[in-house]
Each structure stands twice: as structure tokens, then as C-alpha cells.
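Trainee: Please take a close look at a single side chain in this model, beginning with how far it is covered. Then place it in the setting of the chain and of other positions that deserve inspection.

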Amino acid sequence: VERLFHGGLKVGQIGQIFASLNDALIRRLCRLAEQELGPPPCDYAWLVFGSEGRMEQALLTDQDNALAFAEDSEAARAYFGQLAQRVVDNLITAGFPPCPGGCMATNWNRSLAEWQGIIDGWIREPTPDNLMVSSIFFDFRAVAGDLDTEPLADLVASAAKNDLFMAHLARVSLRFKPPLGLFQRIRTEDGKVDLKKRGIASIVAAARVYGLEAGTRARPTRERLEAAMEVGVVSPNLGQTLVETYRFLLQLRLREQLAALADGREPENHIRLGRLTSLETRHLKDAFGAIREMQGAVARRSRTNTLG
């Protein structure tokens with residue numbers, strides 16, 4: 001990643017290369033588990049979520065995965081429970097820590113029919129918990145196994161027809177506000193700003209809503225925004241600004257994470273404002289201003305103020 005970054009490759013391309021390497025690792029670990037356990041009793045799919053599902057991973061990442069299998073039987077549950085444990089443990093050994101919220105195949109291990117029922121329930125009843133897990137799941141990609149996951153993608157796409165769910169999902173995207181104070185001054189905590197929580201995550205969440213409304217099944221944030229622009233869900237001016245803002249924030253975060261590793265520090269999502277040039281600080285203010293504009297547009301379009 002360091003060589004690609006300093007070689008001038010765009011951060012989106014780096015994320016895709018990083019994701020392809022991680023996908024290859026997971027496929028190999030699944031094959032190794034199959035060699036140990038014997039042939040699987042039915043088709044299955046290893047699913048990834050979050051930044052890996054969107055192919056936007058950075059250096060600081062944990063596991064977000066699940067497993068779906070074709071036939072709901074005791075034999076299948078026993079087999080895939082063991083396979084999930086082996087793959088998750090080996091990912092930890094390879095340097096991918098477990099998800100703090102437990103969103104991993106060791107817990108999220110269900111038959112395809114059961115997953116369909118669960119997703120349908122999330123959409124019909126947009127409770128806070130259901131919105132949280134659906135936001136994670138809706139970025140899914142299948143990276144290993146032969147199971148056809150199109151029925152799950154169909155259900156996710158169907159969420160756009162449920163106005164109540166979409167309004168609640170839009171409100172979730174407004175949870176974190178950009179850290180702008182009076183006179184557009186950037187508010188910090190101990191001189192730092194959390195780029196992920198205060199910027200990146202907000203664009204990801206809004207793009208997820210825009211993508212569903214636009215009818216695209218793309219997972220990457222940029223592709224969701226471009227699809228939304230194409231059908232008029234978001235204006236070309238705001239949409240292009242968000243694409244550029246997202247790229248800037250990802251680039252800035254990755255640069256700081258690489259610098260931390262070079263200094264022997266742990267990479268993080270925070271950036272120290274004092275390390276930025278005056279031009280970078282102005283760009284960061286503009287980025288947060290664009291996110292504020294985006295959140296206003298989302299709130300108006302989805303009428304989030306009418307929700308209880």
C-alpha cells in the first residue's frame with residue numbers, strides 16, 4: 001500500500017487492490033478449511049461487509065463477515081459453524097482483528113432462507129438495532145463459495161420501495177455532524193479530528209441511501225453517488241463535490257496512517273490539525289461544508305423531521 005500510495009496511485013484504486021488481495025486470502029482460507037473438514041454438504045457463500053464490501057479498505061480495519069448456506073440442516077449448521085470458526089481464527093492470525101460488535105461469520109452464520117427472513121424483518125421493522133445491522137449488511141459482497149446470493153441482493157434492493165425504512169435509514173446517515181463551529185472553524189478534540197466518524201462515514205451512509213433510491217446494486221461509494229447523479233436523486237454539482245470530498249478524506253487518512261506506521265505509531269482514523277498545511281486545512285473546511293450541505297439535502301428529500 002505504501003509503494004502504491006507514494007507511486008501516485010489514486011486511493012480508490014489502492015482500495016480495490018487491497019480488497020482483491022483480501023478476497024484471495026479469504027478464498028484460500030475457505031479452501032484450506034474445506035480440506036480439513038471435507039467437502040461442504042451444500043453450496044455456501046462467504047460474505048464481507050463494511051469497507052471491504054465497498055472495496056474501500058484502509059490500513060486500519062477489522063473483520064465484518066458472514067456466511068450463508070443453501071440447505072438448512074443439522075449437518076450444514078455443524079459443518080459451516082466449524083468452517084466459519086477456522087476462517088475467522090485464521091484471519092485474526094493474518095492480522096485482521098475481530099469485529100468489536102461481533103459481526104462475524106462465527107455469529108452471522110445462517111441458511112439462505114433464514115437470511116432472507118432476517119433481511120425482510122429489518123426492512124419491515126426499522127428499529128434502531130435493525131437499522132444498525134442493515135446498514136452493515138447492505139454493503140455485502142460474496143467473495144468465496146458457489147452459492148447464488150442474488151436473492152439477498154434482490155431483498156436489499158427492495159428496501160427502496162419501503163418509504164418508512166428509507167426515511168429512517170436516511171436519518172441514521174445524519175447521526176454524525178461535521179465538526180464545524182462559528183465562522184467555519186474546525187472543532188477538534190485535543191487538537192485532533194476523527195476523519196472517519198466526522199466525514200467519511202457520513203458520506204458512506206448518505207451514498208448508501210442515494211444508491212438504493214437510484215436502484216443501483218453497486219457497493220463502492222463513488223459508484224453509488226455516480227448512479228444517483230445519473231438518475232437525478234442528487235444534483236450533479238453536489239454529487240461531484242461529494243465524490244471529490246470523499247477521495248480527499250480517504251487520501252488524507254491513508255497518508256496519515258502510513259506516516260504513523262513509518263514513525264512506529266499505531267495507525268488511526270484521527271488527524272492532528274496542526275500537521276496540515278494552510279491549504280489542506282482550507283480543503284478540509286470545504287469538505288466538512290460539503291458534508292453539511294449533503295446532510296441538509298438528505299434531510300429535506302427524506303423528510304426526516306417528520307419521523308417520531
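**A close look at E256**

Mentor: E256 is buried, with a relative accessible area of 10%; buried means under 20% relative accessible area, exposed over 50%, and partly exposed in between, with a 1.4 Å probe and protein chains only. The model is a predicted one, in which local features need pLDDT of at least 70 and side-chain atom pairs count only at pLDDT 80 or more, whereas totals for chains, interfaces and linings use all residues. Residues are numbered from 1 along each chain as its sequence is written, and side-chain values use heavy atoms, with hydrogens and water left out.

E256 belongs to helix α11, which covers residues 236-262. Helices (H or I, at least four residues) and strands (E, at least two) are DSSP runs, numbered from the N terminus. Once neighbours within four places in sequence are set aside, the contacts of E256 are with I271 and R275, a contact being heavy atoms within 4.5 Å. The side chain of E256 also makes a polar contact, at 3.1 Å, with the side chain of R255. A polar contact is a pair of N or O atoms within 3.5 Å; within protein, one must be able to donate a hydrogen and the other to accept it, and residues adjacent in sequence count only if both atoms are side-chain atoms. As a further point of orientation, K196 is 60 residues away from E256 along the chain, and their C-alpha atoms are separated by 13 Å.

The chain that holds this helix has twelve helices and six strands. Its radius of gyration is 20 Å, close to the 19 Å that the globule rule gives for 308 residues, so the chain is as compact as a globular protein of that length. That radius is taken over C-alpha atoms, and the rule is 2.2 Å times the number of residues to the power 0.38. Along the principal axes, the C-alpha atoms fill a box of roughly 65 × 50 × 30 Å. Buried residues make up 49% of the 308 residues, and E256 is one of the buried residues. Among contacts with a separation of 6 or more, 73% join residues 24 or more positions apart.

From E256 one may turn to S202, in helix α9 (residues 195-214). S202 is buried at 2% relative accessible area. Its contacts beyond four places in sequence are S173, F176, K197, I291, M294 and Q295. The partner S173 lies in the loop between α8 (163-172) and β5 (192-194), and S173 also counts as buried, at 2% relative accessibility. Besides S202, S173 touches A205, A206, Q295 and V298, with residues up to four places away not counted. Its side chain reaches the backbone oxygen of A170 at 2.5 Å.

The loop between α8 and β5 also contains D190. D190 is not a glycine, yet it has a positive phi of about 55 degrees, and at 74% relative accessibility it counts as exposed. M55, likewise a non-glycine, has a positive phi of about 60 degrees. M55 sits in the loop between α3 (50-53) and β2 (65-69) and is partly exposed, at 23% relative accessibility.

L147 illustrates contact across sequence. It is located in the loop between β4 (141-144) and α7 (150-158) and counts as buried at 11% relative accessibility. Although L147 and Y44 are 103 residues apart along the chain, their C-alpha atoms are separated by 4.7 Å. Beyond four places in sequence, L147 touches D43, Y44, A45, A68, F69, A70 and L112.

A68 serves as a reference point for F18 as well: the two are 50 residues apart along the chain, and their C-alpha atoms are separated by 24 Å. F18 is in helix α2 (residues 11-37) and is buried at 16% relative accessibility. With neighbours within four places set aside, F18 contacts V1, Q57, A58 and L59.
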